[in-house]
Amino acid sequence: MINFEEMGFTPGILKAIQELGFEQPMPVQEKVIPLMLGDECDIIALAQTGTGKTAAFGLPLVQATDTETNSTQALILCPTRELCMQIAGDLSDYSRYTGKLNILAVYGGASIDNQIRGLKKGAHIIVATPGRLIDLIGRRAAKLNNVSTVILDEADEMLNMGFLDSINEILEEVPKERRTLLFSATMSSEIASIARKYMNDPIEITIGTKNSSAENVSHAYYLVHAKDKYKVLKRIADFEPDIYAIVFCRTRIETQDIASKLINDGYNADALHGDLSQAQRDTVMQKFRLKNLRILVATDVAARGLDVDDLTHVINFSLPDDPEIYLHRCGRTGRAGKTGISISLVHLREKQNLQRIVRMVKKPFKAMPIPTGSEICGKQLSSWVTKLETVSTDHQEIEKLLPEIKLKLSGLDREELLKRVISLEFDRFLDDYRHGEDLIDPITEKDSSFERSDKRGSRVQYTGIPGTAY
Ligand code: AMP
């Protein structure tokens, strides 16, 4: 395994890498960096977000940029404003010790005048969404005649968002003598056709298996009645006290509806969809990044570009029709070496959809029994006990109040005291689950021929989807 020191980086870049805490190159970096620092070849890299691809192209790009001239030497195209800002931020981190490198992010939904001013000052590297760049080219603000490297990041997402014509137009504007890199999570015929048209004998690199999901993501599903989906979602959230998840819905209305229900039911949740203003979306995303929100209910389009590394779960409240969208969703967890789980709530009519997805993902999907009320209460209590054991009690304020509190509670023995604290803490769970009926999935209910021997509560897990070989 090659390390960063052996790759030929300058001391300034190596210092930045060290400060970022990157100890070893990630697989995509091991493959792409030597090619970028070496031969002038074009590269297609099939890699999901979270594999370290920004540093794979960003570190060598920063090293190769000549800061003695003012001209734009590299152009990075990506699908969303958020990703634009993310990439520009990462590049400026890499260039901390390499002279005055001007990196400019230009994207829709923000003042074009500021971006024109930025371009006039001179940008060595432009990171752009295709639509806004076309606008800037039209206004003769973006000058691309000295661009020698073009990077298409998340090319499949850009095509999904309808940017094909803009990409074609932009690639006609940059000099033919250039290096082109294309990053995509999946290989489709449209991607192959862009590669044929605009790339010169590209070297193809695949990180993980082609068209398969990230290595460290596991997949599970709950078979539910359509009318029970929301209740099952709540049970999953209640069964995972430390959940940090994106819940994907298909429509804006469904997204808002589920988020509102979760908020009303006391969950730390919010919605992210296209009916919100850009400022509202920014606020929600920031709260989620800071983990002040634990559950983000989102549409696929709105969640694009939201970059968080340590999600515990991706939850598919509704399955997408296109299996590739499923791949994108689950690529949001299991990132930067962590493990993650993608959970789908599937009702009987969505079964075929799930089968198509399983065939594409080529990994087992575990069928999960819906957690029972007593399982959820048990899990919540044990998580609370762990927190109780480790909580810091070193507060002067508490010390000051303690004598008065002791006096007031002197009539309660230890057991009574514990019971009352637990009741206060767990009122909602106990009320919801003590008297409520458990939810039965449609297969158990029908007691069909689907091989299944677990009785409620026995928590047998098995792999398979009714009617498939998986
Ligand atoms: P990306 O796929 O570019 O979105 O990167 C995913 C995450 O991995 C980002 O948070 C990077 O900061 C982080 N990362 C990139 N390269 C490395 C590395 N060599 N070691 C550790 N973390 C890294």
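The mean positions of the 59 positive and 66 negative charges of the protein chain lie 3 Å apart. This value, like those that follow, was computed from a predicted model. The chain has 470 residues, of which 50% count as buried. Its secondary structure comes to 19 helices and 15 strands, and its C-alpha atoms fill a box of roughly 80 × 65 × 45 Å along the principal axes. About 22,700 Å² of the protein chain is exposed, with carbon and sulfur atoms supplying 50% of that area. Among contacts with a separation of 6 or more, 77% are accounted for by residues 24 or more positions apart.

With the overall picture in place, the charged side chains can be taken up in turn. The whole structure holds 17 salt bridges. One of them joins Glu-350 to Lys-229, with 2.9 Å between the closest N and O atoms. Glu-350 sits in the loop between β13 (340-346) and α15 (351-361), while Lys-229 belongs to helix α10 (residues 229-239), so this pair ties together parts that are 121 residues apart in sequence. Both partners fall under the 20% cut-off for burial: Glu-350 is buried because its relative accessible area is 10%, and Lys-229 counts as buried because its relative accessibility is 6%.

Helix α10 takes part in a further salt bridge, this time through Lys-234. Its partner is Asp-265, and the closest N and O atoms of the two are 3.7 Å apart. Asp-265 lies in the loop between α11 (252-264) and β10 (269-272), so the pair connects the loop with helix α10 across 31 residues of sequence. Here the two side chains differ in their surroundings: Lys-234 is buried, with a relative accessible area of 14%, whereas Asp-265 counts as partly exposed at 29% relative accessibility.

Arg-235 is also placed in helix α10. With a relative accessible area of 5%, Arg-235 is buried. Beyond its neighbours within four places in sequence, Arg-235 is in contact with Ile-370, Pro-371, Thr-372, Gly-373 and Ile-376, as well as with Tyr-433, Glu-437, Asp-438 and Leu-439.

A salt bridge is likewise found between the side chains of Lys-291 and Asp-310, with an N to O distance of 2.9 Å. This pair links distant parts of the chain, 19 residues apart: Lys-291 is in the loop between α12 (278-289) and β11 (295-298), and Asp-310 is in the loop between α13 (300-303) and β12 (313-316). Lys-291 is partly exposed, with a relative accessible area of 32%, and Asp-310 is partly exposed as well, with 30%. Elsewhere, Glu-19, Asp-93 and Arg-96 are linked in a network of salt bridges.

Attention now turns to charged patches on the surface. A patch of positive charge is formed by Lys-100, Arg-117, Lys-120, Lys-121, Arg-140 and Lys-143. Lys-100, one of its members, is found in the loop between α4 (81-94) and β3 (103-106). At 63% relative accessibility, Lys-100 counts as exposed, because the cut-off for that class is over 50%. A patch of negative charge is made up of Asp-165, Glu-169, Glu-172 and Glu-173. Within this group, Glu-169 lies in helix α8 (residues 164-173). Glu-169 is partly exposed, with a relative accessible area of 46%.

The surface also carries a nonpolar patch, composed of Ile-398, Leu-401, Leu-402, Ile-405, Leu-409, Leu-417 and Val-421, which together have about 510 Å² of accessible area. Two helices, α17 (396-408) and α18 (414-434), each supply at least two residues of this patch. The greatest contribution comes from α17, which gives four residues. Val-421 has its place in helix α18 and counts as partly exposed, at 36% relative accessibility.

How values were computed
Residues are numbered from 1 along each chain as its sequence is written. This is a predicted model: local features need pLDDT of at least 70, side-chain atom pairs count only at pLDDT 80 or more; totals for chains, interfaces and linings use all residues. Side-chain values use heavy atoms; hydrogens and water are left out. Patches are made of residues with over 30% relative accessible area and no salt bridge: like charges are joined within 9 Å, nonpolar side chains (Val, Leu, Ile, Met, Phe, Trp, Tyr) within 5 Å. Accessible areas come from the Shrake-Rupley method with a 1.4 Å probe; for residues, only the protein chains shown count as cover. A salt bridge is a side-chain nitrogen of Lys or Arg within 4 Å of a carboxyl oxygen of Asp or Glu. Lys and Arg count as positive and Asp and Glu as negative; His and the chain ends are not counted. The place of a charge is taken as NZ of Lys, CZ of Arg, CG of Asp or CD of Glu. Buried means under 20% relative accessible area, exposed over 50%, partly exposed in between (1.4 Å probe, protein chains only). Contact means heavy atoms within 4.5 Å.
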